[in-house]
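Take a moment to look over the sequence and turn the model around on your screen. When you are ready, we will walk through some of its parts together.

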Amino acid sequence: MGHGLMGGSSCAAGGINVRGRFIGFAFALLLCYPIVFSVVSLAEEEYIGFAQVQKGETNLRESPGGNLLCKLEKEDMVYVLDREESASGVVWYKATINHNKANSCETMTGYVRGDLLTLPPFLFTDVEKISASKYHMLCILRDGRVLAVGSDHNDVLEVRDWMGMVDVVAGNLASVGLRPDGTVAVLTDTRAWVDPKWAGVQRLVKGRTAYGGIKADGTVLIHYEVNNTSEEIGRANRMAESIGQVADLAILPEFVAGLKPDGTVQLVWDGEIDERLLETVSGWRDVVDIAGAGFQVVALRKDGSVVAAMKSGRNDHGQCEVDSWTDIIAIDTADTYTLGLKKDGTLMITRNTIDVSGLTDITSIQAAESFVAALTKDGRVVFRGDYHFWAIFGVGGHMVVSD
């Protein structure tokens, strides 16, 4: 099932489609130079960047006061490109919004009255913790609120009552929040719920199509987002029970990896075992952190070196080429690459088109499917990666901040 932007906009045919490198360039400017936002109307502001629609049924017009192109909904995100003032003194902003076709990067550009747009509060500033997926991102702000931004598929952005969360996970099909009392809230499939079995959780774990929780005693809980049948639930429960007590956990589509208290790594399958991968990983020692995605497991050793192994000895995109890395303090991995944070605040990345050079003062990292999100020590979030996913992630999406 494909997922594009579900921002609620109803766009008329015949709109202006802006494609290719122009939008890529606009996003690149934003990603390289994060902006500090304040909550003010744009009517009198010279501004280029993200803005949020204040009211439902806001008109996106072909020209200032011209033909209607699109009806925008409240909380839609647009990207402002230019400012014009009409002869009567009305301020209009030229803005781009996603065309809302599933898995499409087509966009529509038109004009919105400046008094109907605002600069969103706390968009990627004053952030304490981040979690990013292909479709959306969650941030815990320093004042305890949660910011959700991106595509509101399955109502995953409805975090208005998430004040005070201590950990969050943005999955491809769900948002998961950990409350101070150890209970877990989940947003998915147009419903919000708290699973009573998920109690006493100290930390959340993100998988590409799954999430997990680690309890105080080191036991784990696992939930797969796709095919949530009784058979799949049983499979997740069996793997959680088999992995036993862990210090950290990586959840992959076919198996789970557990970092044991003695610094070794254990793999558990609920099906056919890959003996080659099992033999390789069983030899790892002094491990302090693990990550997993696709078919590879990556481990950080206490001396700052990194090791990685993939199913059947594969290395399809070079994601296991980490042997030369040193002074690493944190790792993450996506299907096609591995990311490392060095103790000097810079990043390492395996063979990939994402350029992370020039990023400094980084304290936390997220490897999403085709972009990197990094948190700086002053609470900003910076990004590198494919603008295609940011066309989905930002323009035409929504932003919600908990009360």
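## A sheet of three strands

In this predicted model, three strands make up an open sheet in the order E19-E20-E21, and their pairing is antiparallel. At the edges you will find strand E19 (248-251) and strand E21 (265-269), each of which pairs on one side only. From one strand to the next, the twist averages 20°.

What holds such strands side by side? In general, strands of a sheet pair through backbone hydrogen bonds, and they can do so in a parallel or an antiparallel way. Here, strand E20 (residues 255-259) and E21 run antiparallel and are joined by five bridges. One residue to look for is Phe255, whose bridge partner in E21 is Trp269.

## Helices on the sheet

Now look for the helices that accompany these strands. Helix H2 (residues 230-243) lies across E20 and E21, and runs at about 150° to E21. Helix H3 (residues 275-282) also packs on the sheet, where it touches E20 and E21. The direction of H3 makes about 160° with that of E21.

## An aromatic pair

How many aromatic pairs does the structure hold? There are two. In one of them, Phe255 and Trp269 form a tilted pair, with 5.0 Å from centre to centre and 35° between the planes. This pair links distant parts of the chain, since Phe255 sits in strand E20 and Trp269 in strand E21, 14 residues apart.

Are these two residues buried or exposed? Phe255 has a relative accessible area of 1%, so it counts as buried. Trp269 has 14% relative accessibility and therefore counts as buried too; the cut-off for buried is under 20%.

## A closer look at Thr188

Let us move to another strand. Thr188 is found in strand E14 (residues 184-188), and it is buried because its relative accessible area is 11%, with the cut-off at under 20%.

Which residues does Thr188 touch? Leaving aside neighbours within four places in sequence, Thr188 is in contact with Asn154, Leu173, Ala174 and Trp193. With Leu173 there is a particular link: the side chain of Thr188 reaches the backbone oxygen of Leu173 at 2.8 Å.

## The whole chain

Finally, step back to see the protein chain as a whole. Its secondary structure comes to four helices and 31 strands. Of its 403 residues, 57% are buried.

Among contacts between residues at least 6 apart in sequence, 50% join residues at least 24 apart. The chain exposes about 16800 Å², and carbon and sulfur atoms supply 48% of that area.

Conventions: Residues numbered from 1 in each chain as written. Predicted model: local features only at pLDDT ≥ 70, side-chain atom pairs only at ≥ 80, totals over all residues. Heavy atoms only, no water. Pairing = 2+ DSSP bridges. Helix = DSSP H or I, 4+ residues; strand = E, 2+ residues; numbered from the N terminus. Axes fitted to C-alpha atoms, helices over the stretch in contact; angles between N-to-C directions. Contact = heavy atoms within 4.5 Å. Buried < 20%, exposed > 50% of the residue type's maximum accessible area, 1.4 Å probe, protein only. Areas by Shrake-Rupley, 256 points an atom, 1.4 Å probe, with all protein chains shown as cover. Polar contact = N/O pair within 3.5 Å; in protein donor to acceptor, adjacent residues only side chain to side chain. Phe/Tyr/Trp six-rings, centres within 6.5 Å; stacked < 30°, edge-to-face > 60°.
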